[in-house]
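Grab a pencil and work through these exercises one at a time. Try each task yourself before you read the solution under it.

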Amino acid sequence: MSLRTRDFAWLILTGVFIGSDTLFADDNTLVPIATSDAAFAHPRDLTLDPGGRFLYVADMNNDLVKVLEPRSLKVLGAIGRGELSRPHDVAFDTVGRLLVADSGNDRIAIYRVDGATGPYLAELRDGLDSPEGVAVDNQGLIYVTNAGLHNVVGYKNGRRLAAAGTHGSKAGEFRRPHDVELGPDGMLYVADPGNDRIQLLKVVDTLEGGSFDFNEPKYLALDEKGWLYVADQYNNEIKIFDEARTPLASIGSASDSPNSPALNRPEGVEARNGNIWVADTYNNRVIHYRWRHH
């Protein structure tokens with residue numbers, strides 16, 4: 001597909017997040033399953049491999065990607081040692097390669113991984129300045145949030161196609177965009193923390209208004225049902241919305257159940273098949289949750 005700046009229209013999530021003293025009804029609560037005991041240093045976003053066998057975590061201040069067993073959170077290995085600088089995000093492309101937002105090196109680093117190991121293959125660098133988020137659609141188009149230049153850049157077959165956005169607070173403008181995720185509705189969800197909002201990129205319509213009471217939302221996940229999970233950094237919680245973007249639950253806030261560990265500035269989240277993995281960044285750990293009766 002040909003990607004041009006004018007192809008992008010913008011939708012800002014609207015509404016007000018309504019807090020709750022429970023994560024869900026008593027018969028469908030969310031409970032922590034495991035907490036990592038590895039020496040993380042400000043872990044950022046995380047992703048499962050396409051087969052769901054391994055969990056990859058951007059361990060920012062250790063300058064590498066740690067590979068974990070998803071349920072026990074046991075560390076199995078590391079990728080990018082001596083090659084990465086302040087990695088922020090990880091994603092898989094359509095041929096199973098691991099893409100790393102290598103922010104300190106102003107590039108997307110590409111690896112051919114086999115479980116806990118894998119060699120460096122290539123990079124995307126054209127037009128990047130502190131990239132902090134990366135996502136891939138089913139056509140192989142790579143989307144990168146460019147925090148240093150306040151825009152979103154598209155690549156295909158290793159070639160930069162176009163950039164959308166500029167610095168500001170209007171629709172279609174960003175302040176330090178972080179994560180980007182592709183929804184089942186075909187729209188891109190872009191974390192715009194400097195404006196305390198999530199922006200949605202569409203091809204046709206433009207809608208805007210209100211807010212979800214975000215405070216520096218950094219990273220996002222969309223599960224197989226289309227539910228949206230937001231790592232809302234300075235609210236110290238993960239906010240969960242259904243496919244209609246109705247607020248469902250939160251993880252980690254002071255009002256939550258004592259069984260839910262308090263989060264400290266979380267900056268990563270992944271969700272699949274009733275499981276949720278959270279990078280509890282300033283507690284230097286990863287936590288695995290599961291819906292009790294999923």
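**Exercise 1. The enclosed space**

Task: Find how many cavities of 30 Å³ or more a search of the whole structure turns up, and say which residues lie closest to the centre of the largest cavity.

Solution:
- Step 1. Keep in mind that you're looking at a predicted model. Searching the whole structure gives one cavity of 30 Å³ or more.
- Step 2. The largest cavity holds about 40 Å³ of space.
- Step 3. Twelve residues line the largest cavity, and the closest to its centre are Asp-223, Tyr-229, Gly-274, Asn-275 and Trp-291.
- Step 4. Now look at the elements: E24 and E25 are the ones that give two or more residues to this lining.
- Step 5. Sort the lining by class, and you get four nonpolar, four polar and four charged residues.

**Exercise 2. One residue of that lining**

Task: Is Asn-275 buried or exposed, and what does its side chain make a polar contact with?

Solution:
- Step 1. Place the residue: Asn-275 sits in strand E25.
- Step 2. Check its relative accessible area, which is 5%. Buried means under 20%, so Asn-275 is buried.
- Step 3. Follow the side chain of Asn-275 to the side chain of Arg-290, where there is a polar contact of 3.3 Å.
- Step 4. Leave out residues up to four places away in sequence, and Asn-275 touches Arg-71, Glu-270, His-288, Tyr-289 and Arg-290.

**Exercise 3. The nonpolar cores**

Task: Work out how many residues the largest nonpolar core has and which element gives the largest share of it.

Solution:
- Step 1. Start with a general idea: in soluble globular proteins, nonpolar side chains tend to be buried together.
- Step 2. Here, the largest nonpolar core has 18 residues. Those with the most contacts inside this core are Tyr-229, Ile-238, Ile-240, Ile-251, Ile-276, Tyr-289 and Trp-291.
- Step 3. Several strands give two or more residues to this core, among them E21 (228-232), E22 (237-241), E23 (247-251) and E25 (275-280).
- Step 4. The largest share, three residues, comes from E26.
- Step 5. Don't stop there: a second, separate core has 15 residues, including Phe-92, Leu-98, Val-100 and Ala-109.

**Exercise 4. The largest pocket**

Task: Give the volume of the largest pocket and sort its lining by class.

Solution:
- Step 1. The volume of the largest pocket is about 660 Å³.
- Step 2. It is lined by 30 residues, and Val-136, Glu-181, Leu-182, Leu-222 and Arg-272 are the closest to its centre.
- Step 3. The elements that give two or more residues to the pocket lining include strand E3 (43-48), strand E7 (87-92) and strand E11 (131-136).
- Step 4. By class, the pocket lining has 17 nonpolar, three polar and ten charged residues.

**Exercise 5. Two residues in one loop**

Task: Decide whether Asp-93 is buried or exposed, then do the same for Val-95.

Solution:
- Step 1. Find Asp-93 in the loop between E7 and strand E8 (98-102). Val-95 also has its place in the loop between E7 and E8.
- Step 2. Asp-93 has a relative accessible area of 9%, so it counts as buried.
- Step 3. Val-95 has a relative accessible area of 62%. Exposed means over 50%, so Val-95 is exposed.
- Step 4. The two are linked: the side chain of Asp-93 reaches the backbone nitrogen of Val-95 at 3.1 Å.
- Step 5. The side chain of Asp-93 also makes a polar contact of 2.6 Å with the side chain of Arg-97.
- Step 6. Beyond its neighbours within four places in sequence, Asp-93 is in contact with Leu-99 and Val-136.

**Exercise 6. Positive phi angles**

Task: Find the phi of Asp-196 and of Glu-216, and say where each residue lies.

Solution:
- Step 1. Most residues other than glycine have a negative phi.
- Step 2. Asp-196 has a positive phi, near 55°. Asp-196 is in the loop between strand E18 (188-192) and strand E19 (197-202).
- Step 3. Glu-216 has a positive phi too, near 60°, and lies in the loop between E19 and E20.
- Step 4. Finish with accessibility: Asp-196 is partly exposed at 29%, whereas Glu-216 counts as buried at 15%.

Conventions. Residues are numbered from 1 along each chain as its sequence is written. This is a predicted model: local features need pLDDT of at least 70, side-chain atom pairs count only at pLDDT 80 or more; totals for chains, interfaces and linings use all residues. Side-chain values use heavy atoms; hydrogens and water are left out. A nonpolar core is a set of buried Ala, Val, Leu, Ile, Met, Phe, Trp, Tyr and Cys residues joined through side-chain atoms within 4.5 Å. Buried means under 20% relative accessible area, exposed over 50%, partly exposed in between (1.4 Å probe, protein chains only). Helices (H or I, at least four residues) and strands (E, at least two) are DSSP runs, numbered from the N terminus. A polar contact is a pair of N or O atoms within 3.5 Å; within protein, one must be able to donate a hydrogen and the other to accept it, and residues adjacent in sequence count only if both atoms are side-chain atoms. Contact means heavy atoms within 4.5 Å. On a 1 Å grid over the protein atoms alone, a cavity is a set of points where a 1.4 Å probe fits but cannot get out, and a pocket is an open set with protein on both sides within 12 Å along at least five of seven lines; lining residues have an atom within 4 Å of a point. Grid points are joined across faces, edges and corners, and a volume is the space filled by probe spheres set on the points. Ala, Val, Leu, Ile, Met, Phe, Trp, Tyr, Cys and Pro count as nonpolar, Asp, Glu, Lys and Arg as charged, and the others, Gly among them, as polar.
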